[in-house]
Amino acid sequence: MAGFSSKRRKIRQPDSEFPLLQCHKTQNDLEDWIGIGKLPDEILVSILSLLPMKQAIRTSVLARRWRYLWTSITHLEFDDRSVNYLLFSRPPSPSPTPFDMCAPLEPTYPPFLVKRRRFVDWVNQVLNLHKGSHVDEFSLEFAVYGDYFKSDIDSWINFAFQKRVKRLHLIFTCSWASTQRSYALTPPMLRNYRLDSLVQLRLCYVEVTGEVLECFLSACPLLEFLSVSTSRVMNFKISGPSLKLKQLEITYCTLTSLDIYAVNLMSFKYSGNHECISLKHTPPLVNAHFGGTYASYIIKSFSQFQSYLSQLETLVLDLRFEKLTSFPKLPKLRNLKQLELELNRRVFCLLLCTSLLRASPSLNRFKIKFFDLDKRMKDKMEIKKSKCKHKCLKVVKLSAFVGCGVDLEIARYILSHTLSLEKIIINPRHRFMVTSEDTDELLKARSRARQHLEHRLPPGTQLVVL
């Protein structure tokens with residue numbers, strides 16, 4: 001027996017498929033799991049609503065009680081870019097599960113739409129199984145292929161309205177395979193439902209008219225956030241003293257006129273033509289984001305907008321496609337705490353940055369994203385040395401840094417004209433990089449940043465090179 005015991009101690013237990021269950025420290029984990037299982041269904045549904053869609057559905061296999069808990073979640077998010085189509089390779093079972101197919105694929109669909117049809121069927125099944133009385137958020141990201149799946153999209157939006165949705169996000173994209181128009185929202189779709197629960201609406205690549213948007217505003221007295229992007233809106237009027245609208249985003253839309261009368265508006269994002277927009281009875285904004293010709297127009301005519309820009313705390317100026325060579329003297333932005341610029345080589349970057357820094361004495365964070373800079377470029381603009389130094393600036397970040405005369409000169413100016421700078425962050429990567437690997441250009445940009453900036457750091461300032 002002694003020999004048997006000696007041999008037994010040498011036997012190695014096989015690796016578990018669930019190693020945490022083999023760990024002697026998992027007792028607390030098991031107790032936590034048992035504790036979660038004792039919670040009421042309402043709390044469990046609230047927890048599941050915080051999970052990504054696929055993870056919430058996967059909890060249906062944990063236990064019999066959990067099988068249909070997910071069908072009452074209040075947060076529904078569908079993104080066709082992240083769907084794991086292997087889930088649909090399982091054959092339908094006699095007892096339907098959330099992963100089963102609703103219907104066989106129709107042979108009339110072109111080959112490139114087969115996977116899209118599977119995603120559509122999956123969404124249809126999830127919505128058919130949903131038992132909740134209401135939905136807090138319904139988010140859909142989907143590539144539109146002309147009129148394919150239009151009836152399905154109609155039914156999804158109708159579902160959201162029927163469930164008294166609070167936050168509705170319809171984010172569509174146009175496929176290269178389709179030359180037809182994007183999905184269109186029409187007034188008849190809105191007249192059949194009560195929309196007074198809606199507080200947030202985001203529409204991207206959805207064809208809407210000014211009439212449709214005005215229907216939303218009149219039918220949604222609680223609406224606080226409205227975003228419309230890449231749409232042919234044409235004429236749009238936002239008016240009414242009873243509007244609760246606090247955040248408005250209109251970007252890359254074809255507009256002939258945009259009239260804004262919103263007394264509660266605090267945040268405004270607009271990218272487009274400056275000639276079609278009219279702001280009336282708008283209170284001083286707290287957050288603003290301007291792009292396109294309107295961004296350059298704002299800078300050139302800043303004094304005209306001082307009444308509603310004087311209280312700004314956050315300002316973003318997207319000048320990637322603009323050309324600016326001269327700037328008027330800017331009025332003081334005494335409340336501005338965060339400033340972000342997106343600049344290209346046709347903007348006299350150093351002059352703009354110094355002008356904005358001098359006009360923003362309370363600025364705390366300053367971020368610049370460069371666009372199409374070349375390491376051989378030199379900033380020929382000479383700036384008069386100022387004895388006045390910025391007292392509040394704490395963090396500066398320069399993105400798409402290449403180490404040319406433009407970005408280096410801005411970094412040098414900031415380092416020599418600040419008193420409380422804690423950190424300057426240099427990021428040579430830009431938004432269009434398709435690889436995460438370090439290229440020679442990235443390595444050289446990092447080297448140039450350290451070479452030219454490390455010895456210029458004021459006491460207490462940290463250089464972070466990403």
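Asp196 counts as partly exposed, at 24% relative accessibility. The model is predicted, and in it Asp196 forms a salt bridge with Arg164, with 2.7 Å between the closest N and O atoms. Arg164 lies in the loop between H6 and strand S3 (167-174), and Asp196 in the loop between helix H7 (187-191) and strand S5 (200-204), so the pair ties together parts that are 32 residues apart in sequence. The points below cover the salt bridges, helix H5, and two buried charged residues in helices H6 and H13.

**Salt bridges**

- The structure holds 13 salt bridges, and the pair of Arg164 and Asp196 is one of them.
- Side chains of opposite charge can pair when their charged atoms come close.
- Arg164 is partly exposed, with a relative accessible area of 28%, and its partner Asp196 is partly exposed at 24%.
- Arg320 and Asp318 form another salt bridge, in which the closest N and O atoms are 2.8 Å apart.
- Arg320 has a relative accessibility of 10% and therefore counts as buried, since the cut-off for buried is under 20%.
- Asp318 is also buried, with a relative accessible area of 7%.
- Glu409 and Arg412 meet through their side chains in a salt bridge of 3.0 Å, N to O.
- Glu409 and Arg412 are separated by about one helical turn, because they are three residues apart in helix H12 (residues 405-416).
- An α-helix has 3.6 residues a turn, so residues three or four places apart point the same way.
- Glu409 is partly exposed, with a relative accessible area of 31%.
- Elsewhere, Arg117, Asp121 and Asp152 are joined into one network by salt bridges that share partners.

**Helix H5**

- Helix H5 covers residues 114-129, which is 16 residues.
- From its first C-alpha to its last, H5 reaches 23 Å, close to the 22 Å expected at 1.5 Å a residue.
- The buried residues of H5 include the charged residues Arg116, Arg117 and Asp121.
- Also buried in H5 are Phe119, Val120, Trp122, Val123, Asn124, Gln125, Val126 and Leu127.
- The cover over these buried residues includes two helices, H4 (53-58) and H6 (150-162), and two strands, S1 (75-79) and S2 (137-144).
- Phe119 has its place in helix H5 and counts as buried because its relative accessibility is 0%.
- Phe119 and Phe78 are 41 residues apart in sequence, while their C-alpha atoms are 9.2 Å apart in space.

**Asp152 in helix H6**

- Which helix holds Asp152? Asp152 lies in helix H6.
- Asp152 counts as buried because its relative accessibility is 12%.
- With neighbours within four places in sequence left aside, Asp152 is in contact with Arg117, Val120 and Asn124.
- Arg117, Val120 and Asn124 are among the buried residues of H5, and H6 is part of what covers the buried residues of that helix.
- Asp152 also belongs to the salt-bridge network with Arg117 and Asp121.

**Arg446 in helix H13**

- Arg446 lies in helix H13 (residues 440-453).
- Is Arg446 buried or exposed? Arg446 counts as buried, at 10% relative accessibility.
- With neighbours within four places in sequence left aside, Arg446 is in contact with Pro428, Arg429, Asp438, Val465 and Leu466.

Conventions. Residues numbered from 1 in each chain as written. Predicted model: local features only at pLDDT ≥ 70, side-chain atom pairs only at ≥ 80, totals over all residues. Heavy atoms only, no water. Helix = DSSP H or I, 4+ residues; strand = E, 2+ residues; numbered from the N terminus. Expected span 1.5 Å × (residues − 1). Buried < 20%, exposed > 50% of the residue type's maximum accessible area, 1.4 Å probe, protein only. Contact = heavy atoms within 4.5 Å. Salt bridge = Lys/Arg side-chain N within 4 Å of Asp/Glu carboxyl O.
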